[in-house]
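Trainee: Please take one part of this model and examine it closely. I should like a connected account that places the chosen part within the chain as a whole.

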Amino acid sequence: MPRFLRPLARAFGLSGSASRSPAQAAASARRYTAIVLLNVTTGARGEYLNFFGYRHGQPLAQAEVLGDGPLVLTVDASSVEVAADLVYVIGNSFGADLFDRSWPSGVRAVSVGDVLHITGSDGHVVHLAVVSNGYERVDTPTNIVPLIGSTAVTHV
């Protein structure tokens, strides 16, 4: 399967879980909430640098419904990695979360270099940077900037 399709396949339970019934999958699911932090790093000439990956300290803008506040996505998943896959899929304008929240218009899609702030139902927080072949755990980001006026906004 092509690498770019793996998150979509995992999100819809199409890889590695063929032997599990829907009831078994539902029983092992936990609730996760996620905030997407979009890497808005630019170079000296204004070129986008997020595709080179996230480095601690780079500016990140929290995804939000423009003019309506922060976007918090809620998903049920069997692990934090599967939750990240679901958030990635929603962040690329495919589907919605458990409360029918979808990716906001005017905000660029989730891509390499962005960071997912995922909180489990037990309150444990994990930060995952999107990399070319999945996710990488990173330290808590420290440089959060406004979304409005950033390179993550495609139009207002």
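Mentor: A residue is called exposed when its relative accessible area is over 50%, and buried when that area is under 20%. The model is a predicted one. The part I propose is the loop between α3 and β6, to which both Ser 93 and Asp 100 belong.

Asp 100 has a relative accessibility of 64%, and therefore it counts as exposed. Its phi is near 65 degrees, a positive value in a residue other than glycine. Ser 93 has a relative accessibility of 53%, so this residue also counts as exposed. The backbone of Ser 93 likewise carries a positive phi, near 65 degrees, although the residue is not glycine.

Consider next the helix that comes before this loop. Helix α3 covers residues 80–90, and because 8 of its 11 residues are buried, the rest of the structure largely encloses it. The buried residues of α3 include Val 80, Ala 83, Ala 84 and Asp 85. Leu 86, Val 87, Val 89 and Ile 90 are also among them. The helix is thus largely enclosed because most of its positions fall below the buried cut-off, whereas Ser 93 and Asp 100 in the following loop are exposed.

On the other side of the loop stands strand β6, residues 115–120, which pairs with β7 in the antiparallel sense over 5 bridges. Within this pairing, Leu 116 is placed opposite Leu 128 of β7. The two strands make a hairpin with 4 residues between them, and Gly 123 in its turn has a positive phi of about 90 degrees. A positive phi therefore occurs at Gly 123 in the hairpin turn as well as at the non-glycine residues Ser 93 and Asp 100 in the loop.

Strand β7, residues 125–131, is mostly covered, with 5 of its 7 residues buried. Besides β6, strand β7 has β8 (residues 134–137) as an antiparallel partner, over 4 bridges. Here Ala 129 faces Glu 136 of β8, and the hairpin that joins β7 to β8 passes through 2 residues.

A second loop offers a contrast. Gln 58 lies between β1 (30–39) and β2 (60–62), and its relative accessibility of 12% is why it counts as buried. Its side chain reaches the backbone nitrogen of Arg 55 at 2.8 Å. Leaving aside residues up to four places away in sequence, Gln 58 touches Asn 39, Thr 41, Gly 53 and Asn 143.

These details belong to a chain of 3 helices and 9 strands. From the N terminus the order of elements is α-α-β-β-β-β-β-α-β-β-β-β. Of the 156 residues in the chain, 39% are buried. Its exposed surface comes to about 8400 Å², of which carbon and sulfur atoms supply 56%. Among contacts between residues at least 6 apart in sequence, 63% join residues at least 24 apart.

Conventions
Residues are numbered from 1 along each chain as its sequence is written. This is a predicted model: local features need pLDDT of at least 70, side-chain atom pairs count only at pLDDT 80 or more; totals for chains, interfaces and linings use all residues. Side-chain values use heavy atoms; hydrogens and water are left out. Buried means under 20% relative accessible area, exposed over 50%, partly exposed in between (1.4 Å probe, protein chains only). Contact means heavy atoms within 4.5 Å. Accessible areas come from the Shrake-Rupley method with a 1.4 Å probe; for residues, only the protein chains shown count as cover. Two strands pair if DSSP finds at least two bridges between them. A polar contact is a pair of N or O atoms within 3.5 Å; within protein, one must be able to donate a hydrogen and the other to accept it, and residues adjacent in sequence count only if both atoms are side-chain atoms.
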